[in-house]
Amino acid sequence: MLADQINAISGCFDLAAQDAVYRAIFTRRDVRSHFLPDPVGDDVLARLLLAAHHAPSVGFMQPWNFIVIRDRDRRERVRDLFFAAREQELPEIAEERRELYRKLKLEGICESPLNLVVTCDRSRSESSPLGRWHNPEMDLFSTVCAVQNFWLAARAEGVGVGWVSILERDALKQLLGIPDHVVPVAYLCVGHVSEFAEKPDLERHGWARRLPLADLIMSEVYSGQGEAALKVAASGISGLPATG
């Protein structure tokens with residue numbers, strides 16, 4: 001009873017709600033495969049977009065827009081852009097990793113039932129420099145927060161999301177009729193999936209591993225030593241909370 005009262009006063013979620021938030025974070029995956037053909041209902045998609053629309057934005061600028069792409073032909077043309085961009089990227093990959101790179105599944109543009117482009121309108125807050133005077137890129141960062149909100153809400157709804165970053169920006173803008181002052185921040189593949197992988201695909205395939213959190217914690221200044229107790233705590237916790 002006392003704990004409930006404290007939580008109510010502090011605004012703290014109860015343990016079940018906390019568990020749900022952390023579970024969405026730790027089990028979120030960048031989905032490339034396992035998409036089901038079932039359509040994502042407009043009621044579900046509306047909820048996910050509402051979550052994205054409630055992302056934090058510097059100066060309350062809300063610079064985002066959401067382009068929903070369902071047309072198969074249009075998605076096939078985007079996939080062609082991906083194939084072209086992948087070939088451009090391949091020479092930049094270390095030679096000993098190119099074979100693995102070719103085998104990686106890096107998009108689900110046509111496998112997913114819909115695609116979503118999250119854009120940033122850089123003219124939306126021109127008259128208000130609040131938060132952007134010294135850091136003009138904050139509108140882009142705010143839009144990324146909207147992407148993350150969408151992604152976590154999607155995980156909670158059992159909807160998979162994959163971010164396709166291997167796309168030449170100007171070619172994508174031309175294909176989708178995006179004006180010069182608008183930046184396509186994220187191209188997302190969205191759909192129900194048969195499963196969420198236990199680990200990220202790139203980790204499962206040996207491309208990279210998750211860095212130890214304790215190694216990334218610094219004290220007071222960059223590379224500052226200290227925070228020993230915090231580093232021990234960080235090293236002693238696993239992903240999902242104990243209540244899960």
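Here are a few worked exercises on this predicted model.

**Exercise 1. Get the overall layout**

Work out how many helices and strands the protein has and in what order they come.

*Solution.* Start with the count: the protein has nine helices and four strands. Next, walk along the sequence, and you'll read the pattern α-α-α-β-α-α-β-α-β-α-β-α-α. For the overall dimensions, the C-alpha atoms fill a box of roughly 60 × 50 × 40 Å along the principal axes.

Now look at the surface. About 14800 Å² is exposed, and carbon and sulfur atoms supply 56% of that. Buried residues account for 34% of the 244 residues. Finally, check how the chain folds back on itself: among contacts between residues at least 6 apart in sequence, 79% join residues at least 24 apart.

**Exercise 2. Place the annotated domain**

Find which residues the UniProt domain annotation covers, and describe that span.

*Solution.* First, the record: an unreviewed UniProt entry carries the annotation "domain: Nitroreductase" for residues 26-192. Then turn to the model, where residues 26-192 are 39% helix and 19% strand. Last, take the two ends of the span; their C-alpha atoms lie 18 Å apart.

**Exercise 3. Explore the second largest pocket**

Describe the second largest pocket by its volume and its lining.

*Solution.* Begin with the volume, which is about 510 Å³. Of the 23 lining residues, those closest to the pocket centre are Asp30, Arg32, Pro200, Asp201 and Leu202. Two elements give two or more residues to the lining: strand S3 (159-164) and helix H8 (201-204). H8 has the largest share, with four residues. Sort the lining by class and you get ten nonpolar, two polar and eleven charged residues.

**Exercise 4. Look inside the cavity**

Say how many cavities of 30 Å³ or more the structure holds, and which residues line the largest cavity.

*Solution.* The idea behind the search is simple: rolling a probe the size of a water molecule over the atoms shows where empty space is left. Here, one cavity reaches 30 Å³ or more. The largest cavity holds about 80 Å³ of space.

Now go round its wall. One stretch of lining residues is Arg29, Asp30, Val31, Arg32, Ser33 and His34. The lining also takes in Glu195, Phe196, Ala197, Lys199, Pro200 and Asp201. By class, that gives four nonpolar, two polar and six charged residues. Asp30, Arg32, Pro200 and Asp201 line this cavity, and they are also listed among the residues closest to the centre of the second largest pocket.

**Exercise 5. Check two positive phi values**

Find where His34 and Glu227 sit, and decide whether each is buried, partly exposed or exposed.

*Solution.* Take His34, one of the cavity-lining residues. Its phi is near 70°, a positive value in a residue other than glycine. His34 sits in the loop between helix H2 (15-27) and helix H3 (42-53). Its relative accessible area is 33%, so His34 is partly exposed.

Then move to Glu227, whose phi is also positive, near 55°. Glu227 lies in the loop between H8 and helix H9 (228-235). With 39% relative accessibility, Glu227 counts as partly exposed too.

**Exercise 6. Trace the surroundings of Arg97**

Locate Arg97 and list its contacts beyond its sequence neighbours.

*Solution.* Arg97 is in the loop between helix H4 (72-89) and helix H5 (98-103). A relative accessible area of 28% makes Arg97 partly exposed. Leave out neighbours within four places in sequence, and Arg97 contacts Gly206, Trp207 and Ala208. For a distance check, try Leu176: 79 residues separate it from Arg97 along the chain, and their C-alpha atoms are 33 Å apart.

Note on methods:
Residues are numbered from 1 along each chain as its sequence is written. This is a predicted model: local features need pLDDT of at least 70, side-chain atom pairs count only at pLDDT 80 or more; totals for chains, interfaces and linings use all residues. Side-chain values use heavy atoms; hydrogens and water are left out. On a 1 Å grid over the protein atoms alone, a cavity is a set of points where a 1.4 Å probe fits but cannot get out, and a pocket is an open set with protein on both sides within 12 Å along at least five of seven lines; lining residues have an atom within 4 Å of a point. Grid points are joined across faces, edges and corners, and a volume is the space filled by probe spheres set on the points. Ala, Val, Leu, Ile, Met, Phe, Trp, Tyr, Cys and Pro count as nonpolar, Asp, Glu, Lys and Arg as charged, and the others, Gly among them, as polar. UniProt positions are given in the numbering used here, feature names are shortened, and annotations may be inferred rather than shown by experiment. Buried means under 20% relative accessible area, exposed over 50%, partly exposed in between (1.4 Å probe, protein chains only). Contact means heavy atoms within 4.5 Å. Accessible areas come from the Shrake-Rupley method with a 1.4 Å probe; for residues, only the protein chains shown count as cover.
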